[in-house]
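Open the model in a viewer and keep the selection tool at hand. This tour moves from the whole chain to single residues.

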Amino acid sequence: MKKIEAIVRPEKLQEVKTALVSIGATGMTLEDVRGFGRQKGQTSTYRGISYTVEFLTKKRLVLVVPDDQLETTLETISTAAATGSIGDGKIFVSAVDDAIRIRTGEMGDVAL
């Protein structure tokens, strides 16, 4: 099993979620996050005064998928989240040793 953490633009969230559901993703967790990457924030002008927003608002999706669905899921997220502009986000993948469904005690892939 693999854990996928995808940091995406807020305006792309619905598109990413719809794409994941269409490939059979059974669950995901969503968090509001703020941060910066290579773009180092964003400079804006309001009423003639420039200011810098150092931490940009993003959405973080977390989902765990079986190993055989990893490549499809990564491709789906990448395609749905892409705008071609700086700040599109990042995807992190890590190994998951086990999963347990609390209600039934099921373990492994069936717990997903």
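The stops below begin with the whole chain, go on to the strands, and end with chosen residues.

**Before you start**

This is a predicted model, in which local features need pLDDT of at least 70 and side-chain atom pairs count only at pLDDT 80 or more, while totals for chains, interfaces and linings use all residues. Residues are numbered from 1 along each chain as its sequence is written, and side-chain values use heavy atoms, with hydrogens and water left out.

**Stop 1: the whole chain**

Show the chain as a cartoon. It has two helices and six strands; helices (H or I, at least four residues) and strands (E, at least two) are DSSP runs, numbered from the N terminus. Followed from the N terminus, the order is β-α-β-β-β-β-α-β.

Along the principal axes, the C-alpha atoms fill a box of roughly 60 × 25 × 20 Å. The radius of gyration of the chain is 17 Å, whereas a compact globule of 112 residues would have one near 13 Å. That radius is taken over C-alpha atoms, and the globule rule is 2.2 Å times the number of residues to the power 0.38.

Now turn on the surface. The accessible surface comes to about 7,500 Å², and carbon and sulfur atoms hold 51% of it; the areas come from the Shrake-Rupley method with a 1.4 Å probe, and for residues only the protein chains shown count as cover. Of the 112 residues, 29% count as buried. Buried means under 20% relative accessible area, exposed over 50%, and partly exposed in between (1.4 Å probe, protein chains only).

Among contacts with a separation of 6 or more, 72% are between residues 24 or more positions apart. Contact means heavy atoms within 4.5 Å.

**Stop 2: strand β5 and its partners**

Select residues 56–65, which form β5. How many of the ten residues of β5 are buried? Seven are, and the strand is mostly covered.

Add residues 2–8, strand β1, which runs antiparallel to β5 and is joined to it by seven bridges. Two strands pair if DSSP finds at least two bridges between them. To see single bridges, pick Ala6, whose partner in β5 is Leu61, and then Ile4, whose partner in β5 is Leu63.

Next add residues 29–35, strand β2. β2 and β5 also pair in the antiparallel sense, over seven bridges. Here Val33 has Lys58 as its bridge partner in β5.

Return to β1 and add residues 89–95, strand β6. Seven bridges join β1 and β6, which run antiparallel, and Lys2 has Ala95 as its bridge partner in β6.

In a regular strand the side chains alternate between the two faces of the sheet.

**Stop 3: Leu20**

Select Leu20 in helix α1 (residues 13–22). Is Leu20 buried or exposed? Leu20 counts as buried because its relative accessible area is 0%.

Show what surrounds Leu20. Not counting residues up to four places away in sequence, Leu20 touches Ala25, Met28, Leu61, Leu63, Thr73, Thr76 and Ile77. Leu20 and Thr76 are 56 residues apart along the chain, and their C-alpha atoms are separated by 6.7 Å.

**Stop 4: Thr79**

Move to helix α2 and select Thr79. Thr79 counts as exposed because its relative accessibility is 58%. Then pick Glu15: the C-alpha atoms of Thr79 and Glu15 are separated by 9.8 Å, with their places 64 residues apart along the chain.

**Stop 5: Asp32**

Go back to strand β2 and select Asp32. Asp32 is exposed because its relative accessible area is 58%. Which residues does Asp32 contact, leaving aside its neighbours within four places in sequence? They are Lys58 and Lys59. From Asp32 to Lys59 the C-alpha distance is 4.9 Å, and the two are 27 residues apart in sequence.

**Stop 6: Asp68**

Finish in the loop between β5 and α2 (70–81), where Asp68 is found. Asp68 counts as exposed because its relative accessibility is 67%. Draw a line from Asp68 to Ala6: C-alpha to C-alpha it spans 18 Å, and the two residues are 62 apart in sequence.
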